[in-house]
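Okay, thanks for making time, everyone. Have a look at the sequence and the model first, and then I'll walk you through a few spots.

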Amino acid sequence: MATHPAPTVDHDAERIAALEAEVSKLKRINAALMDRVERSTDLQGNAFSLFETAISLEGKVRERTADLERALSALAQSNAALGVAKETADEAQRRLRDAIESINEGFAIFDADDRLVLCNQTYLGIWPRIASRIVPGITFLEIAEMIRKDGTTLGAMVAPDRWVSERMAQRMVATGGHVHALADGRWIQINELRTSEGGIVGVYTDITEVKAEDARERTRELAERSAILQATLDTIPQGVCVYDAERRLIAWNDPLLAVIGLPRDAISLVTTHDGLVAACADLNGAMEPDEPLAWLPDGMPETLSRRHHSSGKVVEVRRALMPGGGMVMSFDDITESLGAAEALRETNETLERRVNERTADIAAVNTKLHQEITERLAVEAALRDAKTAAEQANISKTRFLAAASHDLLQPLNAARLFVAALGDRRLALPTRALVRQTGSALDSVEDLLEALLEISRLDAGAIAVEPVDFALDELLLNMKAEFAPVARERGLTLRIEETGQWVHSDPRLLRRILQNLISNALRYTAVGVVEVLCRIADDRLHLEVVDTGPGIAAEHHAEIFEEFRRLGDGNRDRGIGLGLAIVQRAGRMLDHQLTLDSAPGRGSRFGVHIPLGTARAQPTRDAPLVRRGQLNDQRILVIDNEATILEGMAVLLEGWGCAVRCVVSEAGAVTEASAGAASPDIVIADYHLDDGRTGDAAIDAVRQACGKAIPAIVITADRTPELRDRLARAGLHILQKPVKPAQLRALITRLTQ
C-alpha cells in the first residue's frame, strides 16, 4: 500500500515557522525590555532590582485591592443592617408617637436636663397661646415662663412670679398630682413622675367636667337647702320676708301677707322693699315716727319695732341685716298679747334676756370651738414634729449602733481573750467556776450586742438581699451540726432531715431566720422534740420548726415579734427577746410569709414560706483534711491599736506556747517583721487601725517586707458581706469580734500545719 508523508511534513514546517516567528517576537520584546531597563538604571545601576520591586508592588496592590473589595463588601452589609435597624427604630418611634397621640390625656416627656423630648397634640392643646413655641429641646422652665407671661393659668394671672416658683417646686418633687385652674375656665390635673434616667413624665388630664359636675352637685344641694328653708319658713306662724342688697324680694313664707294686713293676692306689691313700705302705708295707715319698716343703715344691729295698723292691729316687726347686704324682716301679730301688757313686757324681757344669753352661749361655744380647733392643729403639728423627731432619733440610733460596733466590741473582745487565757491555766475549783460564769456572762453580752447590731443593720437597710437558687439540704445540715450539741446538752431530741429541694432565697438571711427559730424552740422546750419539717404547697416550700414546748396563747402571737418581748418566767434561759424581731424583719426583706400555729399546752409551729428554686449540678467537694498539732514556738505578729487587746492576745497566745510580738501600727509591724532573724509564721491584725489605716494594708506591707505570702487573719466587728468578700479575694482569713478563742486556735492550727 502506498504512503503519503507530504501532509505531515508540511504541517511540521508550518509549526516550525510559527515558533520561529514567536521566538523572533519574544527576542524583540526581550531586547526592548533590556533596552528599557538599561535606560532606566537607578543611581546604583541596579535596574533589574527595580523591575523586581515593581513586580512585587504589583502583587501587593492586587492583595490590597482584594482586601479593599472585601472591606467594601462588609461595609455594604453593615450599611444594609444599619438601614434595617434605623427603619426598625423609626417604626418603633412612629408607634410610640401614635400610642401617645391615641391617649386622651396630655402627655409630655422631659429628659434629665428637663428638656422636652416628646409630647402629643393634647398636651399642646392645653396651652393654645404658646403651642407653636413648644418644640423638642425647650426646657420646662422656659415653658413655665411663657405661661407666666401669657397668663394661661389663674395662678399666673394673679401672682406670676409666685406661680412659677411654686410650679418649679412641684416639679422638683414629681411624686404626685396637683390641680391647676386655666384662665379659659378649664381645670387640669397634672401627674408627674421621674424616670429611671432622671427625666420626668407628665400626664395632663382635663377635669373640667368633673369640676362642673361638682358645681352642679353643689347647686342641687343649695336648691335642696332652699326648699328645706322654704318649708321651714312656711311652718313659722310669723310672717317672714328676705330682701337682697338691691332690696328685691327673694324669699317669703305663706303667713307674711296675712300678718302684715295685705290681701292674699298682693304679693306683687311687696316684690321690692319700697313697694312693701308703700303698700303697708296705703292699706294700714301712716307710718310711725320711728319708721318700723324702713331699711336699716349699714352696721345697724337687729331692730325690733311696732307697727300700729289703722284697724287696731299691732304687728311686731323685727329687722336684721344679712352679711351679703340684704335684710331679713319678720312680722308677728301681737294684738292679742296687748291685753296682758305687763305680763307681755316681763315675758319679752325674759325672752330678750334668754335670747341674749343664748347668743352669748353660742358665741362662747364658737370661741371655744375655735380654741379647740387651734389646739388640735397645734397638737397635730406637735405630733408630726414628734413623729419626725422619733424617726430621726431611730435613724440616728441605728446609724450610731452600726458605726459604733467596733468600739462596742473592742472591750468585749479583750475581756473574752483574758477570760480564755485565764481558763487555760490551772486554777482552784471556785476560781474556775468564777471564770466559767464570767465567760457565760460575756456570751450573753455578745449575743445581745450581735442581736442589737443585726437589728440596727436591718432597720438601716445596710443588708442587701441577694436571692439565689441553692440546695436547702446544705443549710439544714449546717443547722443540724450547729444545734445538735445544744439539744444534747438540754436533753432534747433534734430532728432535721434532708429534703433534696432547691429554694430561691438569700442564704444568709434565711440561715439567720432558721437559726433564731431553732434556737427559740430549744430554749423554750423543757422536754420532748424539736424538729424541722418541709413540705411543698402552692409552688412554695413550707419550712416549719415544730417544738413540744409550753405553747403561746393567741393574744400573744403578735407581741412576741416585738423587740425585747419574752414570755414565761421560769428559771430556764429565755434569751434577750430579739430573735423573733430579727426573724420578722428578715422575712419582710425576703418577702417570705411567716406563720405561727400555737396554743398553750400543745407546743408551737413557726413556719416560713420560701419560693422553689431550680436545681443545678454541684461540684463534688473533698472533705478538708483536718490536722491537729501543738502551737509551740509558732511566731505570731499581732497588730492592734488597742493596748488591752494586745495584752489579752499576748496572754492567750503565749499560754498556747506561741512566740508573740505585738505592735500598734503598720509601721511598727514592718519594723518588727524586718528586724527579726526569722519572719513571723502568722500575722493577726485588727481591721480598723489609727489614722484611717486598715489591717489588710498592714498585712500587705508585712508580706512585702518579708518577701513572701505569710498566712494572715483579720479580726473585725464589720459584718458586711462586701468586706468579707474583699478580704477573701486578698487571701486573708476573717474572724468576727468578739473573737472566740476556740475558733482562733482552730484557725491558727489549720494555717500552721
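So, let's start with a pair of side chains: Asp150 and Arg133 meet in a salt bridge, at 2.9 Å from N to O. That one ties distant parts of the chain together, since Asp150 is in helix H4, residues 140-150, and Arg133 is in the loop between helix H3, 121-126, and H4, with the two positions 17 residues apart in numbering. Keep in mind that this is a predicted model. How exposed are the two partners? Asp150 is partly exposed, with a relative accessible area of 25%, and Arg133 is partly exposed too, at 40%.

Stay on H4 for a second. Glu145 and Arg148 also form a salt bridge, again 2.9 Å from N to O. These two are 3 residues apart in helix H4, so about one helical turn separates them. Glu145 is partly exposed at 26% relative accessible area, and Arg148 counts as partly exposed at 23%.

Now for a pair in another setting. Arg167 forms a salt bridge with Glu192, and the closest N and O atoms are 2.8 Å apart. Here again distant parts of the chain are linked: Arg167 belongs to helix H6, residues 160-173, Glu192 belongs to strand S4, residues 187-194, and they are 25 residues apart. Buried or exposed, these two? Both Arg167 and Glu192 are buried. And the pair isn't on its own, because salt bridges that share partners join Asp114, Arg167, Arg171 and Glu192 into one network. For scale, a search of the whole structure turns up 21 salt bridges.

Asp114 deserves a second look. Its phi is near 60°, a positive value in a residue that isn't glycine. Where does Asp114 lie? In the loop between strand S1, 106-110, and strand S2, 116-119. With 18% relative accessibility, Asp114 counts as buried, because the cut-off for that is under 20%.

Arg247 makes a nice companion case. Arg247 isn't a glycine either, yet has a positive phi of about 65°, and it lies in the loop between strand S6, 239-243, and strand S7, 249-252. Arg247 is partly exposed, though, with a relative accessible area of 35%.

Over to the strands further along. Strand S12, residues 493-496, pairs with strand S14, residues 529-537, in the parallel sense over 4 bridges. On its other pairing, S14 runs antiparallel to strand S15, residues 540-547, over 8 bridges. You can follow one path across: Arg495 has Glu531 as its bridge partner in S14, and Glu531 in turn has Val546 as its bridge partner in S15. S14 and S15 form a hairpin with 2 residues between them, and Asp538 in the turn has a positive phi of about 55°.

Last stop, the second largest pocket, with about 350 Å³ of space. Which elements each supply at least two residues of its lining? Strand S8, 303-308, strand S9, 314-321, and helix H10, 341-403. H10 gives the largest share, 6 residues. Among the lining residues are Glu302, Thr303, Glu316, Arg318, Asn348 and Leu351. By type, the lining divides into 3 nonpolar, 4 polar and 4 charged residues.

That's my tour, so let's open it up for discussion.

Terms used
Residues numbered from 1 in each chain as written. Predicted model: local features only at pLDDT ≥ 70, side-chain atom pairs only at ≥ 80, totals over all residues. Heavy atoms only, no water. Pairing = 2+ DSSP bridges. 1 Å grid on protein atoms, 1.4 Å probe; cavity = no way out; pocket = protein on both sides within 12 Å on 5 of 7 lines; lining within 4 Å. Points joined across faces, edges and corners; volume = space filled by probe spheres on them. Nonpolar A, V, L, I, M, F, W, Y, C, P; charged D, E, K, R; others polar. Buried < 20%, exposed > 50% of the residue type's maximum accessible area, 1.4 Å probe, protein only. Salt bridge = Lys/Arg side-chain N within 4 Å of Asp/Glu carboxyl O.
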